[in-house]
Amino acid sequence: MRFCTTKRALRVAYHAAYLARRIGPLACWAWVIAFAPAAPAQAAEAVADYCAGLTVLDAVKARTQPTPFDVEISSDKLPGGGAAWITLADKAFANFSQAKFCIRGFWRPRNADFTYKPVSIHEIYLVEKSNPPEIKIVFGVEPIREKNRFRIFSSDAEYVFIGRLDTTPSTPPNAAASKIDFSYRLETKVSHPKASKIAAIVFVVIVYLLLARITYVPKEFEGLKEMSWYAFLLSPIRLTAGTFGEASISQLQIVLFTFITAGLLFYLWLRTGLLGNISSDLLALLGISALGAVGAKFTAVLKSDLDKDVNRYLIAKGWFRWDKTKSVDSAKFRQLLMTGGRLDVYKFQIAIFTLIVAAYVITSGANDLGEVKISETMLYLIGISQGIYVAGKAISDRKTALEEAVKTMQAAEKTVKELTPKIRDAKAAGTPDQTAEAQLLAKKDEYHKAATTAAEDFMELYAVDAPKDPADEDKLAPSVLEPQTA
């Protein structure tokens, strides 16, 4: 019996040795495959699987773990209903690849007990020319329905980000695997979008009403009924009227862009807790508008500077004492686009581009004024429009026409003054001078025509109203159209 047992044991040992010789190499390769460092594709799959398996429980566990990276948050307050970002900076991101990086986020209102919700990650990318290398993670911020009525503008929230960075070098192929697991916890405030919008609108309305009150002149509102009174009081064309009370498209443009920029800055301050940057393109736009307004005002003043002799003559005539045209008659919408009773294509061009750019700035700057991009060609186009508008005002011939008409008046009146005593003396002597009388009538008619032209140009240039004929309100007063005889 003992001999049989020994023989059986030897047979088992023989077969085991045989199998070892045959299967041994395969076992070695299996061991290499199982325990060798993972290839890049396998590493990427491992990273993705790691993040896919993260749960709320992992977020709760990671709340107290320190992060190995330098972290920067987009703002002190996160914009509810908008987007925010964090940056992670470390030399480990020098060879950053999205295939070797994953991150998940969870958040909860502070008044909830660990009821975490997932964070929507919008974008992950490496920041160019950053030292040390850093990546930016853009994520969505869900608005919070605040039950506390006293927390109007923001609510407290907690965010936890968990992720993994695979730092295994691509060369050599059999390099040892390495990874960095990280987490970041953020306690912050989340703004309420609706409250911020309402507050920004109220801010703009209050400033606008203050501006309307500051520019209120009771004399300009005489004769207006209740609805017309309020409409004119709040008219942006009245608020931005030019030097002589006329509608000014350039001043309206700069006030419009100023209100849009100020309103968005106030809105973003409520949303993020920061007075954000203004993009260079938006600054250029404001600068172009300001230069256009200054150029238009300078041109208006320059064009109203008459020749000294003409100026003295009109002062003696009392034309500069004429009543100013009421703004209700000159600061109208139709006057905003018209010059001399006709459509001004320069004003129309500015108006169209102003509306387009204003709508674009409002929509694109609602999240960040620093990200407002206006194409260089559009800025050139707006600048050219402003330049053409100012140039059009500068080359206007109204001043020249006024000076020529007044000089004609001066010459005609001088002749009238010389002929009047001669004709009177001839009649007294009983020898009427019919030639002189005909010449006097011609000069009076010449004066009448020149005075009519001059009065129209003067009223348009200085925004005043000439005296009317008491017998006919549609005609100018005789004091305007008739020359002095002595």
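Select M409 to begin. Beyond its neighbours within four places in sequence, M409 is in contact (heavy atoms within 4.5 Å) with Y313, W319, Y447, A450, A451 and A454. The model is predicted: local features need pLDDT of at least 70 and side-chain atom pairs pLDDT 80 or more, while totals for chains, interfaces and linings use all residues. Numbering starts from 1 along each chain as its sequence is written, and side-chain values use heavy atoms, without hydrogens and water.

Next, widen the selection to the largest nonpolar core, of 28 residues, in which L314, W319, W322, M409, F458 and V480 touch the most other members. Such a core is a set of buried Ala, Val, Leu, Ile, Met, Phe, Trp, Tyr and Cys residues joined through side-chain atoms within 4.5 Å; buried means under 20% relative accessible area, with a 1.4 Å probe and protein chains only. Helices α9 (308–317), α14 (398–428), α15 (434–462) and α16 (478–481) each supply at least two residues of this core, and α15 gives the most, nine. Helices here are DSSP runs of H or I, at least four residues, numbered from the N terminus.

Apart from this core lies another, of 25 residues, including V141, I144, L165 and Y184.

Now go to G365, in the loop between α12 (345–364) and α13 (376–394). G365 counts as buried because its relative accessibility is 0%. Leaving out residues up to four places away in sequence, G365 touches L264, L268, Y360 and V372. Select I278 as well: its C-alpha atom is 9.3 Å from that of G365, though the two residues are 87 apart along the chain.

Definitions and conventions: Buried < 20%, exposed > 50% of the residue type's maximum accessible area, 1.4 Å probe, protein only.
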